[in-house]
Amino acid sequence: VPVTVYASQQEASVIVAARIATLIKAKQAKGETAVLGLATGATPVKVYSELVRLHKEEGLSFSNVVTFNLDEYYPIQPTAKQSYVAFMHEHLFNHIDIAPANIHIPDGTLNKDAIHAWCLEYEQKIEKFGGLDIQLLGIGRTGHIGFNEPGSAPNSGTRLVTLEELTRRDASRDFGAKENVPSKAITMGIGTIFKAREIILMAWNKTKASIIKKAVEGDITGEVPATFLQLSSSVEFIVDEDAASELT
Ligand code: F6R
């Protein structure tokens, strides 16, 4: 897996944002749509703030951009402040000129028996737009990408999943207590992620050093879903020095 190490999260985030901007502008020049797969959580926050800056200060337009988010808690109301709908609007969508109809985020309010059909439709919508041009990823300490926890199949699609205890503990900083974190989520699958033409996994800080080592250097196993990315020729890991500190 190609790994690029930057001195800081800030520096790396600016470079990732610039790559996204280049894609958007190249598509604009051809009258085409840029299809972005987006992640939430702490990791991409500075990428989004740089994209907002590029919009406000350098005239980058998102009028030809379509987005698909990786995941959402289940169940959750979009109005809840911990929802990924709220997160994306706060950090990105409220500050750029994207058409609301172009934003796609898994729906945390579905009835249980509607989820399967909804997930198939999510996959079909991605296909309808020609597939994901770039997929941004963070990595959880369980090795999850999206919310594909240990045990996820490499060909998995968008589906309802159960969150690991460690994932819920890490999310408790947003929900006040682990008990308040939803036990499930709707996530794109590993197979969905793999179809993206470019996959960028980002990780910052010492807390991610040991999982980055496993993801990059460990045996490929469903026990650490991010190791499946070793099988992709379209993936790049972009990390800071702390997250890279256990790599050999
Ligand atoms: C979020 C997502 C998760 C996070 C991961 C890391 O949409 O899919 O896989 O990327 O849990 O979270 P942070 O960035 O908060 O460390």
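## Exercises on a seven-stranded sheet

Over residues 9-230 the chain is 37% helix and 15% strand, with its end C-alpha atoms 23 Å apart. Helices (H or I, at least four residues) and strands (E, at least two) are DSSP runs, numbered from the N terminus. UniProt, in an unreviewed entry, gives this stretch, 9-230, the feature "domain: Glucosamine/galactosamine-6-phosphate isomerase"; UniProt positions follow the numbering used here, feature names are shortened, and annotations may be inferred rather than shown by experiment.

The model is predicted: local features need pLDDT of at least 70, side-chain atom pairs count only at pLDDT 80 or more, and totals for chains, interfaces and linings use all residues. Residues are numbered from 1 along each chain as its sequence is written.

**Exercise 1.** Work out the strand order of the open sheet and find its edges.

*Solution.* Start with the order: the seven strands run E1-E10-E9-E6-E2-E3-E5, with parallel pairing. Next, look at the ends: strand E1 (3-6) and strand E5 (103-104) each have a single partner strand, so one side of each is left without a neighbour in the sheet. Here two strands pair if DSSP finds at least two bridges between them. Now take one pair as a check: E2 (residues 34-38) and E3 (residues 65-69) are joined in the parallel sense over five bridges, and Leu 38 has Asn 69 in E3 as its bridge partner.

**Exercise 2.** Place strand E9 among its partners, and decide whether its residues are buried or exposed.

*Solution.* First, the partners. E6 (residues 134-137) pairs with E9 in the parallel sense over three bridges, and Leu 136 has Ile 200 as its bridge partner in E9. E10 (residues 235-240) pairs with E9, also in the parallel sense, over five bridges; there Ile 200 stands opposite Glu 236.

Second, burial. A residue is buried if 20 or more other C-beta atoms lie within 10 Å of its own, exposed if 12 or fewer, and partly exposed in between, with C-beta atoms placed from the backbone. Five of the five residues of E9 (residues 199-203) are buried, so the strand is largely enclosed by the rest of the structure.

Third, the faces. In a regular strand the side chains alternate between the two faces of the sheet. In E9, Ile 199, Leu 201 and Ala 203 are buried on one side, Ile 200 and Met 202 on the other.

**Exercise 3.** Name the residues with the most contacts inside the largest nonpolar core, and follow one of them outward.

*Solution.* The largest nonpolar core (buried Ala, Val, Leu, Ile, Met, Phe, Trp, Tyr and Cys residues joined through C-beta atoms within 7 Å) has 69 residues, and Ile 200 and Leu 201 have the most contacts inside it. Leaving aside neighbours within four places in sequence, Ile 200 is in contact (C-beta atoms, placed from the backbone, within 7 Å) with Val 16, Ile 134, Leu 136, Leu 137, Glu 236 and Ile 238.

**Exercise 4.** Trace the pairing of strands E4, E7 and E8.

*Solution.* Begin with E4 (residues 71-74): four bridges join it to E8 (residues 184-187), and the two run antiparallel, with Asp 71 opposite Thr 187. Then turn to E7 (residues 159-162), which pairs with E8 in the antiparallel sense over four bridges; Val 161 stands opposite Ala 185.

**Exercise 5.** Describe the surroundings of Ser 13.

*Solution.* Ser 13 lies in helix H1 (residues 9-29). With 24 C-beta neighbours inside 10 Å, Ser 13 counts as buried. Beyond neighbours within four places in sequence, Ser 13 is in contact with Lys 46, Val 47 and Glu 50.

How values were computed:
Contact = placed C-beta atoms within 7 Å.
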